[in-house]
Amino acid sequence: MKNKNIYQDYDCSVFQAMNASNRGHITQIRSLDDLLERDKQREEDGFPRKIRVGRLVKPGRGGKDKVVVIPTTVEEKFIHDPSLQPHQEDPSQGGSGEGEEGEVIGEQPVHAPDGEGSGSGQGEDTPHEIESNAYDLGKILSEQFELPNLKNKGKKRALKRYTYDMTDRQQGFGQFLDKKATLRKIVETNISLDNIPDINNIDPSEFLISPKDKVYRILSREKDFESQAMIFFVRDYSGSMAGKPTETVVSQHVLIYSWLLYQYDKQVESRFILHDTEAREVPDFYTYYNSRVAGGTRVASGYKMVNEIVEKENLIPDYNIYIFHGTDGDDWDSDGVDALVEIRKMLVYASRIGITISANAYAYNRKSEVEKYIERSGLLKRRADLLRLNIIPENADEAMLIKGIKKLISQ
Amino acid sequence: MELIDQHTKKIMEGCKARARDAGLSFQDETLEYIVTNRDLLELSPKMMIPTLYDYWVHDVEVLKEKGKYELYPSNPYETVINTRPAISFYNDNNPDWLNVMIFYHVLAHIDFFQNNLFFEHTWNYDFNAQALSDKRVISKLRAEKGRWVDYIIEFTRGIDNIVGFYDELSDVNQPQATKDAKLLDFYFDIFLQKIKKVKTHEYIKEIERYNESFKQDSSNQKAFFSRINKQYPEFEALYKKHIDRDSSHKMDIIQYILKHSPFLNKDENNWMRTVIEIVRNTSLFFQPQIRTKIMNEGWASFWHETLFLEDDRIEGHEVDFAKVHAFVTSMPRVGLNPYSLGMRLFSYIKEMVDKGKYSLEFRKINNKEQRSKFNSSTNKGKDFIFKIRKDFSDSSFINTFVDQDFVSLHKLFVAGKRLNKDRGVWEYYVKSRKTEDYRDMLINTLYHPPYIKVDQDKTDDSNLYLNHYFEGKPLVNEFISNTMLGIEYLWGGPVQLETSELESAPSSNENQFAMNYWDPIIEEDEKSELVWRRILYKMDKKKLNRKILD
């Protein structure tokens with residue numbers, strides 16, 4: 001019993017069950033780039049941006065939610081507001097069949113079935129699916145972000161980033177004529193045809209020109225070299241995180257992760273750490289994203305693990321290291337004695353530490369423990385270039401999350 | 001995209017012959033294309049017109065539809081477009097019998113496009129070709145002016161839903177006589193009475209004088225007025241001004257801006273007019289479509305049913321047909337289906353006329369039994385529905401023909417939806433079985449853009465004043481700012497909009513309000529508390545101001 005509008009039915013769908021096919025993402029990419037480029041330009045021209053990045057979530061059973069990234073825009077017009085209309089938003093619709101006036105003929109739960117949103121719960125979806133959508137999302141986000149404090153470190157491997165140029169050459173047709181190369185080709189042709197009697201006195205008007213002599217420039221993809229980075233995602237999955245805070249943190253980390261995936265062409269290295277009182281490293285973002293909530297909270301355990309990995313694998317000389325941590329701000333170590341020690345250690349090598357506190361609704365107006373001890377330590381002021389704190393309400397929307405990310409990674 | 005094969009085309013030609021015999025009329029040529037789902041995805045934001053001008057919002061739509069499809073694989077597409085020749089789109093693996101059914105449906109659509117008077121302004125040219133040339137103009141301009149072309153498109157599209165479709169239609173087939181009368185009307189109705197304020201006896205004398213001169217020579221109007229021009233030297237100038245004003249009054253906002261905008265009147269901005277005209281004409285082209293949805297789909301469904309069942313080529317597929325047909329035209333328990341509603345209404349009207357029930361005789365009968373038995377066997381039903389197909393649009397169709405017998409026949413009702421807080425569910429219930437309520441509900445679901453006009457008295461050389469004639473529905477508040485921003489750009493100066501809003505600006509308990517307001521139990525109380533206020537918005541230098549007027 002969905003609200004149905006008469007303008008939604010069309011012949012193709014009704015008769016032939018014709019639906020859109022599932023196309024690869026490759027075909028979209030260029031136009032999406034153009035679109036976002038254009039949107040950026042709007043601001044410079046003095047008009048508000050119009051393209052919004054949305055995620056469609058289809059709730060699935062047992063956490064098998066499907067997420068699809070889509071750009072949306074609204075064409076603003078003077079139109080009637082349906083929300084104050086009795087006949088559109090809510091009640092009146094057509095109906096047919098039996099039933100007395102006033103008789104209830106069907107019902108629908110007010111709250112959507114469980115499983116909406118992201119976060120806890122292990123599903124059967126392949127991790128791959130998340131990756132490919134995340135990649136798309138990142139593409140859109142990359143417009144908005146840039147990694148801070150990126151230094152040239154090591155040359156073990158170069159991160160690839162592509163730029164497009166018009167440097168490839170092609171004979172016969174193409175985008176624009178390379179005159180010098182064409183002329184050279186013509187001379188070659190004429191030499192082989194023995195059409196140049198006197199090499200010291202060339203008469204161009206006597207040249208024979210074959211269509212194939214024309215050399216054009218065409219679009220080419222060029223590699224761009226950059227420094228490499230290692231990103232640690234650390235997430236609190238303690239009991240108090242259940243529900244909204246997890247969702248918020250995970251959503252934000254999805255955005256960051258997606259952006260990195262795209263921006264650094266999946267070449268950036270990411271590590272995923274979950275902690276409650278103990279920390280554990282998980283192999284991929286999928287597990288990180290989907291892992292269920294566990295016991296109490298010790299923030300220090302997560303930080304400690306990061307420090308251990310960095311030290312053990314000797315990452316400092318070769319990598320720009322970024323750490324993103326998401327928590328609800330609860331910590332059994334309420335003065336942060338251990339946590340602050342680990343943070344200070346991290347500050348020595350990290351290019352940026354971004355801590356997100358997704359405040360629980362019941363603790364909304366008072367500062368959380370993590371927030372308190374970090375503020376008290378004065379590190380936020382003294383090391384503002386390296387340490388950032390972002391506090392978001394647990395029901396933050398997409399725009400707030402993105403704003404938060406900007407704060408975490410701004411220069 | 002490729003044309004259907006010869007075999008299928010032959011089926012189509014067979015359908016055409018049978019449809020013609022049944023009375024449908026359409027041009028001989030049609031084009032049928034096989035399209036992939038991928039083509040459809042890209043066509044749908046362009047309203048299925050392959051040659052429509054490029055615009056980035058279409059691209060966003062395509063990307064969005066693709067994303068949506070991944071989750072919810074069902075998308076709306078229209079199959080027939082109102083071009084010359086008419087073009088329709090098909091799946092490549094439809095069985096023949098299904099094609100027969102779809103072809104009849106399509107032919108009835110084409111018949112509707114080419115005969116319904118609301119489409120009259122689209123009859124004399126091929127929109128596909130028009131759109132192609134427009135598209136080329138726009139891409140040429142884009143090469144010169146870059147993204148500014150897109151801003152012009154965007155800003156014009158912001159007001160392209162309030163194009164003067166009916167004004168445009170009213171000019172079609174306007175008899176010459178009414179145009180000639182204008183001068184005379186002005187002289188007697190306005191000039192003498194309102195401007196000169198002559199005494200009654202003088203006025204009557206003047207009329208007599210005119211009649212006298214008219215009697216002598218009916219082509220004498222010129223002589224009559226040349227005398228007046230001598231008597232009142234200012235007359236001609238005043239008349240010109242009046243005509244100008246009068247025609248400006250009929251203009252929609254886009255036309256008014258085209259004519260009077262100080263910004264567009266600059267030489268270097270002249271190219272923008274072309275773009276604006278293109279957007280406006282495109283919008284005008286699509287206007288009748290959305291105003292005849294129920295009729296158009298009903299008409300097509302009515303005919304595909306009628307013609308298919310009579311078609312000798314499809315023997316053995318009656319059951320298949322019944323399945324698809326029932327799927328398309330069943331009445332939903334809750335919700336509206338334009339196919340089934342329109343089809344049933346056409347069938348109902350045909351039967352009513354066949355039995356002579358649209359008559360005083362029938363109307364006088366109050367006995368239920370006698371009413372149902374009544375039959376004066378006129379058998380003029382078919383002619384009658386052809387006339388309706390020519391002269392009506394959705395709103396007049398519903399207003400005229402949805403009556404108690406129709407509502408009872410199909411057991412129609414208005415379904416309500418209310419919150420049951422105890423059980424945490426939305427309940428759907430039978431809200432009303434009254435014909436008037438059902439009709440109102442239908443009328444309210446129809447497309448209806450707000451009525452906004454330029455107020456010429458309050459508009460001057462720099463300041464554009466728009467008046468929203470309030471019809472009980474406020475505008476979407478969050479769209480006002482950007483729409484006005486666009487108009488300000490096109491106009492080149494401050495723009496004002498007068499509209500109505502609820503007195504208590506939507507506040508924190510807005511949702512609750514909206515939810516409870518229409519709850520039938522408290523409906524009456526709440527309704528009396530509604531206070532509408534006239535609000536004046538002013539967009540000046542990209543800043544929006546809001547002011548309460550009364």
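What follows is a conversation about a predicted model, in which a visitor asks why things are called what they are called.

Visitor: Why is B:Arg273 called partly exposed?

Guide: It comes down to a count. B:Arg273 has 16 C-beta neighbours inside 10 Å. Buried needs 20 or more and exposed needs 12 or fewer, so B:Arg273 counts as partly exposed.

Visitor: Where does B:Arg273 sit, and what does it touch?

Guide: B:Arg273 belongs to helix H13 of chain B. Leaving out residues up to four places away in sequence, it touches B:Leu258 and B:Leu264. As for B:Leu258, it is 15 residues from B:Arg273 in sequence and 6.6 Å away in space, C-alpha to C-alpha.

Visitor: What makes strand E4 of chain B largely enclosed by the rest of the structure?

Guide: Five of the five residues of E4(B), residues 86–90, are buried, so the strand is largely enclosed by the rest of the structure. In general, side chains in a regular strand alternate between the two faces of the sheet. Here B:Ala86, B:Ser88 and B:Tyr90 point one way, B:Ile87 and B:Phe89 point the other way, and all are buried.

Visitor: How do you know that E4(B) pairs with strand E2 and strand E3 of chain B?

Guide: Pairing takes at least two bridges. E2(B), residues 30–34, is joined to E4(B) by five bridges, and the two run parallel. E3(B), residues 80–81, is joined to E4(B) by two bridges, running antiparallel. Both counts meet the cut-off, so both are pairs. B:Ile87 appears in each: B:Leu31 stands opposite B:Ile87, and B:Ile81 has B:Ile87 as its bridge partner. A hairpin of four residues links E3(B) to E4(B).

Visitor: What makes E7 and E11 of chain B edge strands?

Guide: They belong to an open sheet of five strands, ordered E7-E8-E9-E10-E11 in chain B, with mixed pairing. E7 and strand E11 (543–548) each pair on one side only, and they are the edge strands. From one strand to the next, the twist averages 25°. Within the sheet, four bridges join E8(B) to strand E9 (residues 495–502), which run parallel; one of the pairs puts B:Leu466 with B:Leu497 of E9(B).

Visitor: Which helix packs on that sheet, and which strands does it touch?

Guide: H23(B) does, touching E8, E9, strand E10 (532–540) and E11 of chain B, with a direction about 160° from that of E9(B).

Visitor: What makes H23(B) mostly covered?

Guide: Eleven of its 15 residues are buried. Among them are B:Ile480, B:Asn482, B:Leu485, B:Tyr489 and B:Trp491. The buried residues of H23(B) pack against H6, H12, E8, E9, E10 and E11 of chain B.

Visitor: How do you know that the span of H23(B) is close to the expected one?

Guide: From its first C-alpha to its last, H23(B) reaches 21 Å, and 21 Å is expected for 15 residues at 1.5 Å a residue. Just after the helix comes B:Gly492, with a positive phi near 80°.

Visitor: Why is H6(B) called oblique to H23(B)?

Guide: The two helices pack at an angle of about 120°, with axes 8 Å apart. Roughly perpendicular covers 65 to 115 degrees and roughly antiparallel starts over 145; an angle of about 120° fits neither class, so H6(B) is oblique to H23(B). The crossing is left-handed. On the H6(B) side the contact is made by B:Glu154, B:Phe155 and B:Thr156, and on the H23(B) side by B:Gly486, B:Ile487, B:Tyr489 and B:Leu490.

Visitor: Which residues of helix H12 of chain B are buried, and what do they pack against?

Guide: In H12(B), residues 253–260, the buried ones are B:Ile253, B:Ile254, B:Gln255, B:Tyr256 and B:Ile257. Their packing partners include helix H11 (235–250), helix H13 (270–291) and helix H23 (477–491) of chain B.

Visitor: What makes E10 and E13 the edge strands in chain A?

Guide: That open sheet has six strands, in the order E10-E9-E8-E11-E12-E13, with mixed pairing. Strand E10 (279–282) and strand E13 (387–393) of chain A each pair on one side only. The twist averages 20° from one strand to the next. Strand E8 (residues 229–236) and strand E11 (residues 320–327) of chain A run parallel, joined by seven bridges, and A:Val234 stands opposite A:His325.

Note on methods:
Residues are numbered from 1 along each chain as its sequence is written. Chains are lettered from A and ligands numbered from 1 in the order in which they are written. This is a predicted model: local features need pLDDT of at least 70, side-chain atom pairs count only at pLDDT 80 or more; totals for chains, interfaces and linings use all residues. Two residues are in contact if their C-beta atoms, placed from the backbone, lie within 7 Å. Axes are lines fitted to C-alpha atoms, for helices over the stretch in contact, and angles run from 0 to 180 degrees between N-to-C directions. The expected span of a helix is 1.5 Å times one less than its number of residues. Angles under 35 degrees count as roughly parallel, over 145 as roughly antiparallel, 65 to 115 as roughly perpendicular and the rest as oblique. A crossing is left-handed if the near helix is turned anticlockwise from the far one by less than a right angle, and right-handed if clockwise.
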